Number of protein chains: 2
Amino acid sequence: MKKYNVGVVGATGLVGREMVRMLEKQNFPVANLRLFASQRSRGKTLKFKGKEIVVEQLTPSSFKVSSPGEKPSLQARLDIALFSAGGSISKEYAPLAAQEGVFVIDNSSAWRMDPEVPLVVPEINSHTLSKDKKIIANPNCSTIQMVVVLAPLHRKARIKRIVVSTYQAVSGAGQKAVVELEEQVSAIASGKKVKPMVFPHQIAYNCIPQIDVFLENGYTKEEMKMVNETKKIMEDDSIAITATCVRVPVFRGHSEAVNIETERKITPQEARQILKKIEGVVVVDDISKLKYPLPTKAADNDETFVGRIREDQSISNGLNMWIVSDNLLKGAALNAVQIGEELINRKMLGS
Amino acid sequence: MKKYNVGVVGATGLVGREMVRMLEKQNFPVANLRLFASQRSRGKTLKFKGKEIVVEQLTPSSFKVSSPGEKPSLQARLDIALFSAGGSISKEYAPLAAQEGVFVIDNSSAWRMDPEVPLVVPEINSHTLSKDKKIIANPNCSTIQMVVVLAPLHRKARIKRIVVSTYQAVSGAGQKAVVELEEQVSAIASGKKVKPMVFPHQIAYNCIPQIDVFLENGYTKEEMKMVNETKKIMEDDSIAITATCVRVPVFRGHSEAVNIETERKITPQEARQILKKIEGVVVVDDISKLKYPLPTKAADNDETFVGRIREDQSISNGLNMWIVSDNLLKGAALNAVQIGEELINRKMLGS
C-alpha cells in the first residue's frame, strides 16, 4: 500500500496530540510524520508507532519543496498537513502549504465558511472534496456530532428546524482549560478562592452560557458556527437552526439536547432503525435499563452516541434526542484523519 | 401584627432547613414554630431566631386539635404546615393536617396536578388560593423559575410553544446527592473508583439526561412536570411545551436554555423592559461585559435571573433566553413561604 508524508501543525496541543494518536490508531498509511509547533515547543518529542518524533518549529518555509538547483530539503515533502494551531496560524500557513501542493485539513474556524473550501464530515459530504481544493476545513466539534446524527434523518424526513442546547466539555478549550477545571475543583476543596483565567467565569460546579466571543446579533460565535456550518455540511440553507452553547464542568465529551421538526413524520422507532445502520453512530436508548449516552462513557470513543429519542408532543412532526461524542475525537482529530482517509480513497493524494 | 403557628414537615432535609431559614429571613409572623421529621431525626434541634427548636416525630396525631373533654394538646395548633418530606408522606399526612384546618403548602409532586389543589407561584396565580382549599401545592423547582420569567411575556405576546433544556443542580436531589458529588470528585482526585448511589450514573464531571423516573411516553417525570405544571400555573392548556431535563455537576442553582415562540412579535429589548419591572426577576444581560446569569452567582439568592435574551432567527416570532435561580430558594423553600405570606395578605389564615 502506498504511504504518505503527513504533517501535524499544532502537534503539542490537546487536539494535535489526539491527531497523532488517531493517525496511529486508524493505521493511516504514514511514510514520514512531521510535527510542527511554535518555537516554545521546538525540540519536544511525541511518540508515534513506538518512535520519538522531534517537534519542528513552524516557519513559512516548513512546507517548501526545494526548487531545481536548490539544496534539497532534508525533510520529507508533505502530502497532507493536519492543522490545529488556532485560526491565525491557519489563516497564514494553510495557503503556504496549499501552494506547495499539500492538502491542508484545518481544524480551526478560519476557512470553514469560505465558499471555495470544502467543510467535510466524511459520512455526509465527502463528495465536496476536490483535487484542486487543497484547503479543507474540519467542522466545529459541536456541529460534527449533531450532523452525523441529523443528516440521515434529514434525508428521510427533511428537517425544517433545529433547536439545540449544548453541554460542552472544557477540553474543547484546550489543555489549559482542562487544568483550570482541575485546579478550581481542588482550590474549592481546600477553601481557596478561584481565579478564572481561561474561562470568563468559574467553571467548577458552574454552567457558563458563553463559548467563544459574542457577535452583534447577541449569539456567540460558537452558536453561529452550529447554525452556519450545519447548513453548509448538509447542503441545505433552508434548515432553520437556533443554538444555545453552554460550557459545563465535564472534562471530555460534548452533550447536546436536540429538538427537530421534520416535514414528514418520523417516529422514534423509525429514527432508531435509521440511525442503527449509520457507521460511526451508536444508538444507546434503553430507558428501561436507564441507558442513554453519557459524556463519561463517550470519552475516548470514536463514535457518536444518540439516545432519549422521543416524540416531541408539542408539534406534529417533532423529535427530541440526546447526542454525545468525544469532542477531541469525532469532534476534531478523528474526523480530520477520516478526511485524510477519504482523500486516499478518492485517489486525490500523490500525483 | 397577628402571628401564626407554623409547622415544617421534613424539617431536617435540605429544603426543610431552607424553609426554616426563609421563615426567619422573610420575617414571617411566626408565633410558634414546630418542626417535624421521621423518627430518625427526633430530638435533633434546628435554630430559629436564635432559639433551638426540638424536632418532633411526625405522627398521624401531630396536627390533632384536642376535642372538648380531651386533655388539651401541649403543642400549638398549627395555622400553616410547610411540607417537604417526599410524595408519600404528603399523600398520607397532608389530608390529616387539612382536616384539622391547617393550610398545607406542599413541596412534593403528590398534589400538584389534583384539579382541586391550587398550584401556586404567588407572582402569577395567587388568585387561585381559596379558604376552602387547605392543601396548596408548591410547583417543581425547574417550573417555578421558568414561569416567573415566561408569564409576563405570555401576557404581552402569548407564548405558543416552549422548548426548554435544563442544567439542574444536584441539591435538587437532596443532601445525599450533594454529598455524592463531593465524594465522587474527591474519589476521582485520588484515583479511586466511583460508585453511584443517589444518581443512576456518576455525576462528577458528567451530564445525566435523566431526572426522576421514566414514563411510558419516553419522557422523565421531571420533564412532564415542566410541561403540565407550566400549563396549570399559566392557566393556559394551549401552550405547547417540550422539555429535556439534565442533571449537571453543579451544587446549587438550576439553569435553563429556554426557546419560546410567541403569537405576537416581541423584541429582546421589549422582553428586557417587561422583565425589569417584575418583582423577583433580575435581568442580567450585558454581553459586552460578559454578564449573564450563572448558577454560582444565583446560589443563595432569592431572585430568578434571566439573560442572553436574543431573537431566535429560525422563526418569525421567537426568543432564546437563559434562566437561572437557586433551586432550593425560589425553586422550593422561598416560594412556599411566599405562598404563606399570600395567605396572610388575603386574610385566609386564622378565623
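**Exercise 1. The contact of the two chains**

Determine how many residues the contact takes from chain B and from chain A.

*Solution.* Start with the count. Chain B gives 47 residues to the contact, and chain A gives 47 residues. Two residues are in contact if their C-beta atoms, placed from the backbone, lie within 7 Å. The model is predicted: local features need pLDDT of at least 70, side-chain atom pairs count only at pLDDT 80 or more, and totals for chains, interfaces and linings use all residues. Residues are numbered from 1 along each chain as its sequence is written, with chains lettered from A and ligands numbered from 1 in the order in which they are written.

Next, find the elements. On the side of chain B that touches chain A, at least two residues each come from β8, α5 (175–189), β9, β10, α8 (295–298), β12 and β13 of chain B. Helices (H or I, at least four residues) and strands (E, at least two) are DSSP runs, numbered from the N terminus.

Then sort by class. This side of chain B holds 27 nonpolar, 16 polar and 4 charged residues. Ala, Val, Leu, Ile, Met, Phe, Trp, Tyr, Cys and Pro count as nonpolar; Asp, Glu, Lys and Arg count as charged; the others, Gly among them, count as polar.

**Exercise 2. The relation of the copies**

Find the turn and the shift that lay chain B on chain A.

*Solution.* Superpose the copies by least squares on the C-alpha atoms of residues with pLDDT of at least 70 in both. A turn of 180° with a shift of 0.0 Å along the axis lays chain B on chain A, at an RMSD of 0.0 Å. The two copies are therefore related as by a two-fold rotation axis. Now compare the surfaces. Of the interface residues of chain B, 100% are also interface residues in chain A, so the copies meet through the same surface.

**Exercise 3. The sheet of chain B**

Give the strand order of the open sheet of 6 strands in chain B, then place its helices.

*Solution.* The order is β9-β8-β10-β13-β12-β11 (chain B), and the pairing is mixed. Two strands pair if DSSP finds at least two bridges between them. At the edges lie β9 (240–244) and β11 (281–283) of chain B, each pairing on one side only. From one strand to the next, the twist averages 25°. Axes are lines fitted to C-alpha atoms, for helices over the stretch in contact; angles run from 0 to 180 degrees between N-to-C directions.

Look at one pair. Strand β8 (residues 159–167) of chain B runs parallel to β9(B), joined by 5 bridges. B:Val164 has B:Ala243 in β9(B) as its bridge partner.

Add the helices. Helix α6 (residues 221–233) of chain B packs on the sheet and touches β8 and β9 of chain B, its direction making about 155° with that of β9(B). Helix α4 (residues 141–157) of chain B lies across β8, β10 (254–262), β11, β12 (304–311) and β13 (318–325) of chain B. This helix runs at about 25° to β10(B).

**Exercise 4. A helix pair in chain A**

Describe how helix α4 (residues 141–157) of chain A and helix α7 (residues 268–276) of chain A cross.

*Solution.* Take the axes. They come within 10 Å and cross at roughly 120°. List the residues. α4(A) brings A:Val149, A:Pro152, A:Leu153 and A:Lys156, while α7(A) brings A:Ala271, A:Ile274 and A:Leu275. By class, the contact has 6 nonpolar, no polar and 1 charged residues.

**Exercise 5. The domains of chain A**

State the bounds of domain 1 and domain 2 of chain A, and describe their contact.

*Solution.* Domain 1 covers 4–139 + 332–345, and domain 2 covers 143–171 + 202–326. These bounds come from an automatic or database domain assignment. The domain centres, taken over C-alpha atoms, are 28 Å apart.

Count the contact. 12 residues of domain 1 of chain A touch 15 residues of domain 2 of chain A. On the domain 1 side, α3 (122–125) and α9 (329–345) of chain A give two or more residues. The largest share, 3 residues, comes from α3(A). The residues of this side divide into 7 nonpolar, 3 polar and 2 charged.
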